[in-house]
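Here is a guided reading of one protein structure for someone who has not met it before. Please keep the sequence and the 3D view open while reading.

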Amino acid sequence: MNINRETAEKLIEASAWWLTHSSGSPVRAPKHSKRIYRSNRYGWAIDFGANTFLIEHAIKQCVRLLTIKNYSVFDKRDCVEEMRKKIRNSVLNCNGDLYDQYPLDGNDMVFGAQSIDLKDCVSFILNDLNLRTGNLND
């Protein structure tokens, strides 16, 4: 399964936040989607300082989970928690190693002044990602 750039961009547009905005409040950061690139090993990715969020890896892991667990009969709360774990396991540290579970601050994976909101990621994958029509492939 390949994930196209548009899908990767949409996930970032839906879930990236700028925490130290000049307004004094966190704001969505959809333009971060223009900074994504294709990594050699994990597909679409975006760097946040010394860490790399593996967009394609996160989507693929969640889609596999939904396929295996048959979301329609899987307890929604358990499914969401499993998806959150898959997303938190989609971050590389400065040495290029996957985190077992990237730390959370509330509902966010915080990367300095930026964050990825897990609730937004899960919502995008469950509600906005069109898994039935093949919008994943290049």
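The paragraphs below go through a group of strands, then a pair of helices, then two single residues.

The model is a predicted one, and residue numbers start from 1 along each chain.

A convenient place to begin is strand E4, which covers residues 43-48. Five of its six residues are buried, so strand E4 is largely enclosed by the rest of the structure. Strand E4 has pairing partners in E3 and E5. Strand E3, residues 37-39, pairs with E4 in the antiparallel sense, and three bridges hold this pairing. One of the bridge partners can be named: Ser39 is matched with Gly43 in E4. The connection from E3 to E4 is a hairpin of three residues.

Strand E5, residues 51-53, also runs antiparallel to E4, and three bridges join these two strands. Here Asp47 has Thr52 in E5 as its bridge partner. The hairpin of E4 and E5 has two residues between the strands, and in this hairpin Gly49 takes a positive phi near 60°. As background, side chains in a regular strand alternate between the two faces of the sheet.

The next topic is helix packing. Two packed helices are described by the angle between their axes and the distance between the axes. For helix H1 (residues 5-15) and helix H4 (residues 118-128), the axes come within 8 Å and cross at roughly 140°. Angles over 145 degrees would count as roughly antiparallel, and H1 and H4 are therefore oblique to each other. The crossing of H1 past H4 is right-handed. On the H1 side, the contact is made by Thr7, Lys10, Leu11, Ala14 and Ser15, while H4 contributes Asp120, Cys121 and Phe124. By type, the residues of this contact comprise four nonpolar, two polar and two charged.

Two single residues remain. Arg84 lies in helix H3, which spans residues 76-88. Is Arg84 buried or exposed? Its relative accessibility is 15%, and buried means under 20%, so Arg84 counts as buried. Beyond residues up to four places away in sequence, Arg84 touches Leu104, Gly106, Asn107, Leu118, Lys119 and Val122.

Ser33 sits in the loop between strand E2 (27-28) and E3. With a relative accessible area of 0%, Ser33 is buried. Which residues is Ser33 in contact with, leaving aside its neighbours within four places in sequence? They are Arg5, Glu9, Ile12 and Glu13.

Note on methods. This is a predicted model: local features need pLDDT of at least 70, side-chain atom pairs count only at pLDDT 80 or more; totals for chains, interfaces and linings use all residues. Side-chain values use heavy atoms; hydrogens and water are left out. Buried means under 20% relative accessible area, exposed over 50%, partly exposed in between (1.4 Å probe, protein chains only). Helices (H or I, at least four residues) and strands (E, at least two) are DSSP runs, numbered from the N terminus. Two strands pair if DSSP finds at least two bridges between them. Axes are lines fitted to C-alpha atoms, for helices over the stretch in contact, and angles run from 0 to 180 degrees between N-to-C directions. Angles under 35 degrees count as roughly parallel, over 145 as roughly antiparallel, 65 to 115 as roughly perpendicular and the rest as oblique. A crossing is left-handed if the near helix is turned anticlockwise from the far one by less than a right angle, and right-handed if clockwise. Contact means heavy atoms within 4.5 Å. Ala, Val, Leu, Ile, Met, Phe, Trp, Tyr, Cys and Pro count as nonpolar, Asp, Glu, Lys and Arg as charged, and the others, Gly among them, as polar.
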